[in-house]
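Got a minute to look at how the words we use for a structure get earned? Let's put some labels to the test.

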Amino acid sequence: MRAMHTSFDETLPQRIVDDLAEYGWSRQDCFLPEALTAALALECRRRAAVGELAPAAIGRGDAQEVRESIRGDLTQWIDPGQATCTDEYLVLMDGLREALNRGLFLGLEDFECHFALYPAGAFYKRHLDRFRDDDRRMVSAVLYLNHGWREGHGGELRLYFKDGSTLDVPPRGGCLVVFLSGELPHEVLPAGCERLSLTGWFRRRGSEPF
Ligand code: OGA
Ligand code: MN
């Protein structure tokens with residue numbers, strides 16, 4: 001039997017919409033039931049163990065290149081039908097997409113996401129989640145899969161706000177951070193030990209074919 005990981009808090013999408021409208025970002029420390037977070041972490045580790053994760057590239061299309069001086073994570077894209085846990089996550093994120101469209105009129109058409117594994121020592125320098133040649137990414141959503149993360153493990157997400165302040169978010173399992181892709185610069189501080197996440201982007205229709 002396919003295991004379902006239910007008990008999702010149905011009030012969360014609206015709270016995220018409200019936060020985005022007011023602050024441009026949202027942090028939900030208990031976005032997912034623990035069982036679903038655990039299943040996703042297991043799936044990420046399984047993929048890593050069979051060599052499915054590959055060094056992440058920066059840029060898009062022909063301009064893509066791997067540069068470990070900028071980011072050192074390994075990633076793999078998630079598609080529907082690969083595993084029960086990833087399918088459940090895609091369903092939840094589609095609900096969030098609809099809430100974002102209802103509340104913020106963003107016209108989001110799809111959600112793309114990948115597992116990311118940062119080996120110890122890996123980081124991702126300060127950046128925006130928008131490509132110069134592709135502005136379809138509107139809202140970023142990062143889910144953390146690190147059960148038992150503790151102070152000193154590193155790999156915090158550092159957010160850079162317009163007023164010059166910064167905030168470091170610990171990548172604790174089950175926590176979801178959502179922000180406007182083109183507006184909030186951020187970086188991943190060096191991971192002290194292996195760091196898992198599931199990073200995705202809600203996109204609107206592009207002006208160019210893809
Ligand atoms: C990214 C990113 C943040 C994180 O993949 O673009 O910024 O905390 N990830 O994993
Ligand atoms: Mn990013």
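What follows is a set of questions about labels and the values behind them. This is a predicted model, where local features need pLDDT of at least 70, side-chain atom pairs count only at pLDDT 80 or more, and totals for chains, interfaces and linings use all residues. Residues are numbered from 1 along each chain as its sequence is written, chains are lettered from A and ligands numbered from 1 in the order in which they are written, and side-chain values use heavy atoms, with hydrogens and water left out.

Q: What makes H127, D129 and H186 donor residues of the manganese ion (ligand 2)?
A: Donors are N, O and S atoms within 2.8 Å of the metal (3.2 Å for Na, K and Ca), and since water is not among the atoms, sites may look incomplete. Here H127 (NE2), D129 (OD) and H186 (NE2) coordinate the ion at 2.1 Å, so they fit the rule.

Q: Why can we say that H127 and H186 tie together separate parts of the sequence?
A: H127 sits in strand β5 (residues 124-127) and H186 in strand β10 (residues 186-188), so the pair links parts 59 residues apart in sequence. Strands (E, at least two residues) and helices (H or I, at least four) are DSSP runs, numbered from the N terminus.

Q: Why is H186 called buried?
A: Buried means under 20% relative accessible area, exposed over 50%, and partly exposed in between (1.4 Å probe, protein chains only). H186 comes in at 4%, so buried it is. H127, at 14%, counts as buried too.

Q: How do you know that the span of helix α3 is close to the expected one?
A: The expected span is 1.5 Å times one less than the number of residues. Helix α3 (residues 84-104) has 21 residues, and its 30 Å from first C-alpha to last is close to the 30 Å expected. Just after α3, F105 takes a positive phi of about 50°.

Q: What makes R97 and D94 a salt bridge?
A: The label needs a side-chain nitrogen of Lys or Arg within 4 Å of a carboxyl oxygen of Asp or Glu. In this pair the closest N and O atoms are 2.9 Å apart, so the label fits. Both residues lie in helix α3, 3 residues apart, about one turn. R97 is buried at 14%, while D94 is partly exposed at 34%.

Q: How many salt bridges does this rule give?
A: The count comes to 14. Among them is D9 with R15, at 3.1 Å from N to O.
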